[in-house]
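Student: I'd like to go through this one with you and check the reasoning behind each label. Can we take it step by step?

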Amino acid sequence: MKFRIDKIPKTEEDMEEIVKEVEEEHGHEHHHHHEHEHDILDEILVSLQSIEGKVNQLSDDAEYCRREIKRIYLSMSKLLKAVFAKDDKSRLQALTELKEVLEKEMTA
């Protein structure tokens, strides 16, 4: 059996289009066989939707991790700037910037 699927089915309409293609290609086969194909395609659609949900969650998690890593590096840079400052004014400025970075991330 040859499936000609140009895209991953994401909606019920996509699924119906695929079923229609299958039925047209194999119109001479038994009705029971078509129901079986439809059941398999339904299972595939559910699996694909599940995978899509997992991919979206992983993408969201990855974005959150990127923001957190950025916040950590920015905080570390401000802290190092404060530690190696030559005078109290520079140290206070770096610590103030660090405080702003941390407060900004807490409210976001």
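Tutor: What follows is a run of short questions about labels and the values behind them. Keep in mind that this is a predicted model.

Student: Okay, the overall layout to begin with. What pattern does the protein follow along the sequence?

Tutor: Read along the sequence, the pattern is α-α-α. The protein has three helices and zero strands.

Student: How many salt bridges are there, and what makes R66 and E63 a salt bridge?

Tutor: The structure holds six. For R66 and E63, the closest N and O atoms are 3.1 Å apart. The cut-off is within 4 Å, so the pair counts as a salt bridge.

Student: Where do R66 and E63 sit?

Tutor: Both are in helix α2, residues 31-83, and they are three residues apart, about one turn of the helix.

Student: Why is R66 called partly exposed?

Tutor: Its relative accessible area is 48%. Exposed needs over 50% and buried needs under 20%, so R66 lands in between. E63 gets the partly exposed label too, at 34%.

Student: Now helix α3. How do you know that R91 forms a salt bridge with D88?

Tutor: The closest N and O atoms of R91 and D88 are 3.1 Å apart, and with a limit of 4 Å the pair therefore qualifies. Both residues lie in helix α3, residues 88-107, three residues apart, about one turn of the helix.

Student: Why is D88 called exposed, and why is R91 called partly exposed?

Tutor: D88 has 60% relative accessibility, which is over 50%, so D88 is exposed. R91 has 29%, which is neither under 20% nor over 50%, so R91 is partly exposed.

Student: And what makes K99 and E103 a salt bridge?

Tutor: Their closest N and O atoms are 3.5 Å apart, so that pair also falls within 4 Å. K99 and E103 are both in helix α3, four residues apart, about one turn of the helix. E103 counts as partly exposed, at 39% relative accessibility.

Student: Which residues are joined into one network by salt bridges that share partners?

Tutor: Those are K78, K81 and E97.

Student: Why can side chains of opposite charge pair at all?

Tutor: They can do that when their charged atoms come close.

Student: What about T96: which helix is it in, and why is it called partly exposed?

Tutor: T96 is found in helix α3. Its relative accessibility is 33%, between the 20% and 50% cut-offs, so partly exposed is the right label. The C-alpha atoms of T96 and A82 are separated by 9.4 Å, with the two residues 14 apart along the chain.

Student: On to the surface. Which residues form the nonpolar patch?

Tutor: L79, L80, V83, F84 and L95, with about 500 Å² of accessible area together. The largest share, three residues, comes from α2.

Student: What makes L80 eligible for a patch?

Tutor: L80, in helix α2, has a relative accessible area of 48%. Patch residues need over 30%, so L80 clears that bar, while 48% still leaves L80 partly exposed.

Student: What share of the residues is buried?

Tutor: Buried residues make up 18% of the 108 residues. The accessible surface comes to about 8900 Å², and carbon and sulfur atoms account for 58% of that surface.

Notes: Residues are numbered from 1 along each chain as its sequence is written. This is a predicted model: local features need pLDDT of at least 70, side-chain atom pairs count only at pLDDT 80 or more; totals for chains, interfaces and linings use all residues. Side-chain values use heavy atoms; hydrogens and water are left out. A salt bridge is a side-chain nitrogen of Lys or Arg within 4 Å of a carboxyl oxygen of Asp or Glu. Helices (H or I, at least four residues) and strands (E, at least two) are DSSP runs, numbered from the N terminus. Buried means under 20% relative accessible area, exposed over 50%, partly exposed in between (1.4 Å probe, protein chains only). Accessible areas come from the Shrake-Rupley method with a 1.4 Å probe; for residues, only the protein chains shown count as cover. Patches are made of residues with over 30% relative accessible area and no salt bridge: like charges are joined within 9 Å, nonpolar side chains (Val, Leu, Ile, Met, Phe, Trp, Tyr) within 5 Å.
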